[in-house]
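Please set out the architecture of this chain and the surroundings of its ligand in the form of questions and answers.

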Amino acid sequence: MSIRDRRVQYETAGLERSELDTNPIAQWQRWYDQAAQAHVAEPNAMTLSTIGFDGGPDSRIVLVRGVDESGFAFYTNYDSAKSTQLVAHAQASAVFGWLDLHRQVRVRGTVAKLAERVSDEYFASRPRESQLGAWASPQSQPIAGRDELLTRLAEAEQRFSGRDVDRPPHWGGWVLTPHEIEFWQGRPSRLHDRFRYVLQPDASWFIERLAP
Ligand SMILES: Cc1cc2nc3c(=O)[nH]c(=O)nc-3n(C[C@H](O)[C@H](O)[C@H](O)COP(=O)(O)O)c2cc1C
């Protein structure tokens with residue numbers, strides 16, 4: 001089938017204002033649970049967009065490792081392109097695409113580094129190979145070849161031989177704290193349901209339906 005003619009009919013029950021939780025994090029959690037139950041691949045994956053040093057947007061996928069009232073937590077290299085961009089502009093947007101359920105959630109907000117203790121706890125919970133990989137990879141830097149990574153991995157293995165792997169100082173978490181979250185549910189005839197939550201000065205959320 002040509003890409004031009006590829007179309008999916010979104011036969012879903014839709015999303016009604018009356019069904020929405022007044023709290024968008026609770027609403028997100030409900031949809032996340034349904035995505036996980038439906039075996040959507042990597043339901044905690046979000047495409048994170050930052051503001052590049054040339055002023056343009058820059059996007060990549062990261063995995064969310066915690067969600068609470070403060071927002072969406074993810075972990076990465078603090079020297080990476082995304083982290084240096086976030087230090088310069090503490091704003092980001094993200095999108096979850098749960099395509100099997102014909103759903104999308106968009107998030108806009110501000111970012112902050114997680115407390116060192118929180119990053120330590122999460123790092124300690126990671127598989128040892130991932131911990132060593134965090135030492136081995138100078139994320140976002142040009143490298144000569146794969147051999148360079150393998151050499152650095154061997155160095156990390158030797159350094160931490162017989163003991164726990166420390167969290168590298170250049171590795172840790174960020175939290176994206178939303179001020180806008182939009183829930184999109186595909187419907188027939190491209191008349192999809194969209195609801196946007198906007199954070200108000202009194203910390204309540206204003207909810208409005210948007211045209212698809
Ligand atoms: C499914 C998936 C999950 C990913 N999860 C993470 C993650 O949690 N943290 C991370 O730093 N990179 C993750 N990556 C890699 C990023 O997309 C990206 O390549 C890397 O972070 C470097 O991005 P940057 O150069 O813009 O900083 C993931 C990629 C994919 C495809």
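The exchange below proceeds from the overall fold to single residues. The model is predicted: local features need pLDDT of at least 70, side-chain atom pairs count only at pLDDT 80 or more, and totals for chains, interfaces and linings use all residues. Residues are numbered from 1 along each chain as its sequence is written.

Reader: In what order do the elements of the protein chain run from the N terminus on?

Author: Helices (H or I, at least four residues) and strands (E, at least two) are taken as DSSP runs, numbered from the N terminus. The protein chain comes to 5 helices and 8 strands. From the N terminus on, the order is α-β-β-β-α-β-β-α-α-α-β-β-β.

Reader: Which element gives the most residues to the shell around the ligand?

Author: A residue belongs to this shell if its C-beta atom, placed from the backbone, lies within 6 Å of the ligand. There are 14 such residues, the closest being Arg60, Thr76, Ser80, Lys82 and Ser140. Two or more residues each come from strand S2 (57-68), strand S3 (71-77) and helix H2 (81-88). The most, 4 residues, come from S2.

Reader: How many residues of the shell around the ligand are nonpolar?

Author: Ala, Val, Leu, Ile, Met, Phe, Trp, Tyr, Cys and Pro count as nonpolar; Asp, Glu, Lys and Arg count as charged; the others, Gly among them, count as polar. On this division the shell holds 3 charged and 4 polar residues, and the nonpolar ones number 7.

Reader: Which strand gives the most to the largest nonpolar core?

Author: A nonpolar core is a set of buried Ala, Val, Leu, Ile, Met, Phe, Trp, Tyr and Cys residues joined through C-beta atoms within 7 Å. Buried means that 20 or more other C-beta atoms lie within 10 Å of the residue's own; 12 or fewer make it exposed, and values in between partly exposed, with C-beta atoms placed from the backbone. The largest core has 28 residues, and Phe72, Ala94, Val105, Trp174 and Leu176 have the most contacts inside it. Its leading contributor, with 6 residues, is S6.

Reader: Which residues is Ala94 in contact with, leaving aside its neighbours within four places in sequence?

Author: Contact requires C-beta atoms, placed from the backbone, within 7 Å. With neighbours within four places in sequence left aside, the partners of Ala94 are Met46, Thr47, Leu48, Ser49, Phe72, Val107 and Leu176.

Reader: Which residue in S3 is the bridge partner of Val67?

Author: Two strands pair if DSSP finds at least two bridges between them. S2 and S3 pair in the antiparallel sense over 4 bridges, and a hairpin joins them through 2 residues. Across this pairing, the bridge partner of Val67 is Phe72.

Reader: Which residue of S1 stands opposite Arg60?

Author: S1 and S2 run antiparallel and are joined by 7 bridges. Their hairpin has 5 residues between the strands, and Gly55 takes a positive phi near 90° there. Opposite Arg60 in S2 stands Leu48.

Reader: Why does Arg196 count as partly exposed, and which residues is Arg196 in contact with?

Author: Arg196 is found in strand S7. Arg196 counts as partly exposed because it has 18 C-beta neighbours inside 10 Å. Leaving aside neighbours within four places in sequence, its contacts are Glu180, Glu182, Glu208 and Leu210.

Methods: Contact = placed C-beta atoms within 7 Å.
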